[in-house]
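Reader: I have just opened this model and would like to know how its labels were earned. Could you take me through the reasoning?

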Amino acid sequence: VLCYFQLCAEDHAWWWRAFLNSGAAGLYLLAYSGIYYCTQLEISGFVPLLLYVGYMALASLLFFLITGTVGFLACWWFVWTIFGSVKVD
């Protein structure tokens, strides 16, 4: 839907926004892991904290890249389908 709105606004640089819009779920995961750490976990010490933050940052980055790639490919397929159905006489 966001890709369609960008195309309607004649924003032809849709590919980065398609990647960032769907990749934003990785930022949500990182923020939620911080909230979860503050409210639910009872980790004491610097090394366990460093491990938790490091692994969650890595997981969030991978999730950002995966969801961004899926969102870009879905938007690319949508644009390819829409412009493929336009007939030029």
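Author: Happily! This is a predicted model, and a good place to begin is Leu-7, which is in contact with Trp-14, Phe-78 and Val-79 once neighbours within four places in sequence are left aside.

Reader: What makes Leu-7 part of a nonpolar core?

Author: Such a core is a set of buried nonpolar residues joined through side-chain atoms within 4.5 Å. The largest one here has six residues: Leu-7 with Cys-3, Trp-14, Ala-18, Cys-75 and Val-79. Helices α1, α2 and α3 each supply at least two residues of this core.

Reader: Why is Trp-14 called buried?

Author: Its relative accessible area is 9%, and buried means under 20%, so Trp-14 qualifies. Trp-15 has 38% relative accessibility; that falls between the 20% and 50% limits, so Trp-15 counts as partly exposed.

Reader: How do you know that Trp-14 and Trp-15 form an edge-to-face pair?

Author: Their rings are 5.9 Å apart, centre to centre, with 75 degrees between the planes. Pairing asks for centres within 6.5 Å, and edge-to-face for planes over 60 degrees apart, so both tests are passed. The structure holds nine aromatic pairs. Another of them joins Tyr-4 and Phe-78, at 6.4 Å and 75 degrees, and is edge-to-face as well. That pair links distant parts of the chain, with Tyr-4 in helix α1 and Phe-78 in helix α3, 74 residues apart. Tyr-4, Phe-5 and Phe-78 form one aromatic cluster.

Reader: Why are Tyr-4 and Phe-78 described as partly exposed?

Author: Tyr-4 has a relative accessible area of 42% and Phe-78 one of 28%. Partly exposed covers the range between 20% and 50%, so the label fits both.

Reader: How do you know that Cys-3 and Cys-75 are joined by a disulfide?

Author: Their sulfurs are 2.0 Å apart, and the cut-off is 2.5 Å, so the pair counts. By this rule there is one disulfide. The link of Cys-3 and Cys-75 is right-handed, with 80 degrees about the S-S bond. Because Cys-3 lies in helix α1 and Cys-75 in helix α3 (residues 46–84), the pair ties together parts that are 72 residues apart in sequence. Both cysteines, Cys-3 and Cys-75, are buried.

Reader: Why is Cys-8 not counted in a disulfide?

Author: The nearest cysteine sulfur to Cys-8 belongs to Cys-3 and is 9.7 Å away. A disulfide needs sulfurs within 2.5 Å, so Cys-8 is left out.

Reader: And what makes Cys-38 exposed?

Author: Cys-38 has 64% relative accessibility. Exposed means over 50%, so the name applies.

Reader: What makes the length of α2 close to the expected one?

Author: Helix α2 has 26 residues and reaches 38 Å from its first C-alpha to its last, and 38 Å is also what is expected at 1.5 Å a residue. Helix α2 does bend, by about 35 degrees at Ser-22. Its buried residues include Phe-19, Gly-23, Gly-26 and Ser-33, and the buried residues of α2 pack against α1 and α3.

Reader: One more, please: why is Gln-6 called buried?

Author: Gln-6 has a relative accessible area of 10%, and the limit is 20%, so buried is the right word. Gln-6 is found in helix α1 (residues 2–8). Not counting residues up to four places away in sequence, Gln-6 touches Asp-11, Trp-14, Arg-17 and Asn-21.

Key. Residues numbered from 1 in each chain as written. Predicted model: local features only at pLDDT ≥ 70, side-chain atom pairs only at ≥ 80, totals over all residues. Heavy atoms only, no water. Helix = DSSP H or I, 4+ residues; strand = E, 2+ residues; numbered from the N terminus. Buried < 20%, exposed > 50% of the residue type's maximum accessible area, 1.4 Å probe, protein only. Contact = heavy atoms within 4.5 Å. Expected span 1.5 Å × (residues − 1). Bend = angle between axes of the 7 residues up to and from the residue. Phe/Tyr/Trp six-rings, centres within 6.5 Å; stacked < 30°, edge-to-face > 60°.
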